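Dear colleague,

I am passing on the structure we discussed, so that you can look at it yourself before reading my notes. Please open it first and then continue below.

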Amino acid sequence: MANNKKEIFGADSLKLADFAKAISHPARIEILKILAGKNSCICGEIVLEIPLAQSTVSQHLKELKSAGLISGIIDGPRSCYCLNAEGIAEMSEFFEDLISFIKIDNIKCNC
């Protein structure tokens, strides 16, 4: 069994990896787009716009919420979701830092 060696990496790399994992599925990207397009809390509309089972959509929402990219409120039998501005801003900053570090203009490798 392989050992998990995540602890050898810095906090910033771990957080960026968490964000990358959270948006690594196309359904999650679509959910973020839907929430951004509505720009308000929405409930059952997400399931109507994504051709997946309600339980599958719920699992994707759980992953996005766990990463801090969305917020959710339980309203009786329904859960309503919206984008978490702080989480989106933090994710953007982490990805911008990575791209800046790589410095695309300096890549000269032709392998």
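The notes below cover the cysteines and then one helix packing.

Please bear in mind throughout that this is a predicted model. The structure holds 1 disulfide, formed by Cys43 and Cys80, whose sulfur atoms lie 1.8 Å apart. This disulfide joins distant parts of the chain, since Cys43 sits in the loop between helix H2 (26–38) and helix H3 (45–49) while Cys80 belongs to strand S2 (residues 78–83), 37 residues apart. The link of Cys43 and Cys80 is right-handed, with 60° about the S-S bond. Cys43 counts as buried at 15% relative accessibility, and Cys80 is buried as well, with a relative accessible area of 11%.

Why is Cys41 not bonded to Cys82? The closest cysteine sulfur to that of Cys41 is in Cys82, at 3.2 Å, which is too far for a bond, because a disulfide requires sulfur atoms within 2.5 Å. Cys82 is accordingly in no disulfide, and Cys41 counts as partly exposed, at 41% relative accessibility.

Turning to the helices, H2 packs with helix H4 (residues 54–66) at an angle of about 75°, their axes being 10 Å apart, and the two are therefore roughly perpendicular to each other. On the H2 side the contact involves Ala27, Arg28, Ile31 and Leu32, which meet Val57, His60, Leu61, Glu63 and Leu64 in H4. Sorted by class, this contact of H2 with H4 has 6 nonpolar, 1 polar and 2 charged residues.

With best regards

Methods: Residues numbered from 1 in each chain as written. Predicted model: local features only at pLDDT ≥ 70, side-chain atom pairs only at ≥ 80, totals over all residues. Heavy atoms only, no water. Helix = DSSP H or I, 4+ residues; strand = E, 2+ residues; numbered from the N terminus. Buried < 20%, exposed > 50% of the residue type's maximum accessible area, 1.4 Å probe, protein only. Axes fitted to C-alpha atoms, helices over the stretch in contact; angles between N-to-C directions. Parallel < 35°, antiparallel > 145°, perpendicular 65-115°, else oblique. Contact = heavy atoms within 4.5 Å. Nonpolar A, V, L, I, M, F, W, Y, C, P; charged D, E, K, R; others polar.
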